[in-house]
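Student: I'd like a close look at how the strands pair up here, and then at what sits around them. Could you take me through it step by step?

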Amino acid sequence: MTVIDDGTLISRNPATLAEVGRSPSLTGPALDVVVARARAAQPAWAADLSARRAALRAAAEAITAQSGELAPLLTAEQGKPLAEAGQELWVAGHAFATLAGTEWEPEHSLTASLGRPVTVQHRPYGVVAAIVPWNFPLYLAAAKIAPALLAGNAVVVKPAESVSLAVTAFVDVLRAVLPEGVLEVVTGGPETGRQLIDHPDVRMVSFTGSTAVGRSIMAQAAATLTPVALELGGNDPAILLPDADLADAAARLAAGAFLNAGQMCIAPKRVYVPAPLVDGFAEALAAQAQRTVGDGADPATTMGPLHNARQREIVAGMLGDALDSGARVVTGGVREHALPGHFLDPTVLVGADDGDDIVRQEQFGPVLPVVGYRDLDALLHMLDTQEFGLGASVWGADTAAADAAAERIDAGTVWVNQHNALDVAVPFGGVKASGFGREGGVAGIEEFTTARVLDPRPAE
C-alpha cells in the first residue's frame, strides 16, 4: 500500500501495514533530466549488438548474485512469500540470459516481387517507457527491459507506486553492469506516468496492467501517435472435458490459481466442468487449495495477502455477491487474521454462474469458481463473445478432442492439459480487451523495433 505525502511515496507492507520505505515522486524538470540521460546514451548503445548481448548476460549474473538481497524487499513491499519472490527473481534473470542468446539479427534481405533485392532493418525506437504493475514487478520489468535493450533502445522504467522500492533496487542492480544512461527509473504517481508518456523523447510505451488503465494510456498516446504495446487483464477459463484427469487438473489449476494470492493476469480464474462432475472436482480442488496464509517473510507462509485494501475489497465484494445469489464456499472465504493486512483465504466456489461478477469479470484474487456446463459447443460460443482473450486451457485424455476445443478459443495463449506454462522464449500477449503486442522470443524483441526498408536502385 502506498500513499503520496508532499511528493513522497510511502510504501507499506501488505501483511503488517508497517512502513517499508519512501521514494521520490519525479515530475517536471526532474523527469526531463532522466529521459535526457537515456536519449543521450541510446545511439552508442544501438551501435553494437554483440556488446548488448554481453551486457544482458552480465545483467542475468547480477540478478542471480543479488537475489538474496532483492527477494526480502520484494516480499516486504509486494506481499508474496519469500519462496515466490526468489522464484520471480530467478525467472527475471532467466529472461535476460535467454534473450542474450536468442538468434536474432536486426536486418535481413529479401527479394521483392519484381525480383530486386531489398534489406529490411529492425531499428530501435530510441527511448522506450516501460510501465510495470505491482503483481510481478521485477519479472515484468525484466520482460520489457531485456528485449527493449537487446533491440537497441534505452529504457525508462516507471513502476507502480506501491512497488517503487523493489523496482528501483532491481534497476540499480542492472545499471551497475550496463552503460550509463541506457536504463533509468522514475518513481511517482499517475502524473509521473502521464508526463513520461507525453514526453517528446519517449518514442514507444510498453504497459502491463489493467484494461481500464491500458485504454487510458492508449488514448493519451494517440495524441502524439506514440506506439504502444499493451498486456492487459484476463479472465482465463479452464475447460475440463468429460475424460479429463480430475486429480491432475485439480493439482495444476490450484497451483496456478493461488500463486501470488491469485494476482496473476494469466492465472486460471474460472473452471468449467461437465455438470455431473462439479461436486467431485470441487472437492478435489479444495484439497489442493490449502495454504498457510500469512506474512510472506515467515518461512511457514505459502500464500501472502492481497497487495492492497482496494483489491481485497473488490474480491471480497464479488465473493459476497455470489454467496448472496446462492453460491457455496467449498473451502476458504473471508475470515479474521491475526495480522492487520489484506488477507483472504484461498477459496473454491460452486453454484456461481456467468451472471455473477466473480465468474464474468476478472477478480484478480484467490477465488476459483467451479461452473457446470452441459453443452461444450454452447460454452465455447459463449466464451468467444466475452471481452477478454489473454489465456485459456483445455483438459482431456483425448488430446485430439482437447486440441479441437482449444482451436476454437480466441485467446493469445491456449494450453492443453496445463495452465500458466509461460516461457520467455515464446511469444506472449492477448487479444480483444486483453491487449495487443507480444513479449517473449523474437516477436518480443521486434515489438520494440520499427521496420525500415532499404531499397537501392541497382547499378546500371
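Tutor: One bit of vocabulary to begin with: two strands count as paired if DSSP finds at least two bridges between them. Keep in mind, too, that this is a predicted model.

Let's start with one pair. Strand 14 (residues 345-350) and strand 15 (residues 367-373) run parallel and are joined by four bridges. If you want a spot to click on, go to valine 348, which stands opposite leucine 368 in strand 15.

Now zoom out from that pair. Strands 14 and 15 belong to an open sheet of seven strands with mixed pairing, and reading across it gives the order 13-14-15-12-11-16-17. The edges are strand 13 (328-333) and strand 17 (413-416), each of which pairs on one side only. Ignoring direction, neighbouring strands in this sheet are turned by 15 degrees against each other on average.

Helices lie across this sheet as well. Helix 12 (residues 376-384) lies across strands 11, 12 and 15, and runs at about 170 degrees to strand 11. Helix 8 (residues 246-257) lies across strand 11 (236-240), strand 12 (268-274), strand 15 and strand 16 (391-395). Its angle to strand 16 is about 165 degrees.

Helix 8 and the edge strand 17 also lead us to some empty space. Both give two or more residues to the lining of the second largest pocket, as do helix 3 (82-101) and helix 4. That pocket has a volume of about 800 Å³. It is lined by 37 residues, and the closest to its centre are Val91, Tyr139, Met264, Asn420 and Leu422. Helix 3 gives the most to this lining, with eight residues. By class, the lining of the second largest pocket splits into 21 nonpolar, nine polar and seven charged residues.

Helix 4 is worth following further. The axes of helix 2 (residues 49-78) and helix 4 (residues 137-150) come within 11 Å and cross at roughly 170 degrees, so the two helices are roughly antiparallel to each other. On the helix 2 side, the contact is made by Leu49, Arg52, Arg53, Leu56, Leu74 and Gln78, and helix 4 brings Pro137, Leu138, Ala146, Leu149 and Leu150. Sorted by class, the contact residues are eight nonpolar, one polar and two charged.

For a contrast with the parallel pair we began with, try strand 4 (residues 107-111) and strand 5 (residues 117-124): these run antiparallel, with five bridges between them. Here glutamate 107 has glutamine 121 in strand 5 as its bridge partner. The two strands form a hairpin with five residues between them, and glycine 115 in the turn has a positive phi of about 100 degrees. Strand 5 also pairs in the antiparallel sense with strand 19 (residues 449-454), over six bridges. One of the matches to look for is arginine 123, whose bridge partner in strand 19 is threonine 450.

Last stop: the largest pocket, at about 1400 Å³. Of its 50 lining residues, Trp134, Phe207, Gly209, Ser210 and Val213 are the closest to the centre. Strands and helices both contribute at least two residues each, including strand 6 (127-132), strand 9 (204-208) and helix 10 (309-324), but helix 7 gives the most, with seven. The class split for this lining is 21 nonpolar, 19 polar and 10 charged residues.

Methods: Residues are numbered from 1 along each chain as its sequence is written. This is a predicted model: local features need pLDDT of at least 70, side-chain atom pairs count only at pLDDT 80 or more; totals for chains, interfaces and linings use all residues. Side-chain values use heavy atoms; hydrogens and water are left out. Axes are lines fitted to C-alpha atoms, for helices over the stretch in contact, and angles run from 0 to 180 degrees between N-to-C directions. Contact means heavy atoms within 4.5 Å. Angles under 35 degrees count as roughly parallel, over 145 as roughly antiparallel, 65 to 115 as roughly perpendicular and the rest as oblique. Ala, Val, Leu, Ile, Met, Phe, Trp, Tyr, Cys and Pro count as nonpolar, Asp, Glu, Lys and Arg as charged, and the others, Gly among them, as polar. On a 1 Å grid over the protein atoms alone, a cavity is a set of points where a 1.4 Å probe fits but cannot get out, and a pocket is an open set with protein on both sides within 12 Å along at least five of seven lines; lining residues have an atom within 4 Å of a point. Grid points are joined across faces, edges and corners, and a volume is the space filled by probe spheres set on the points.
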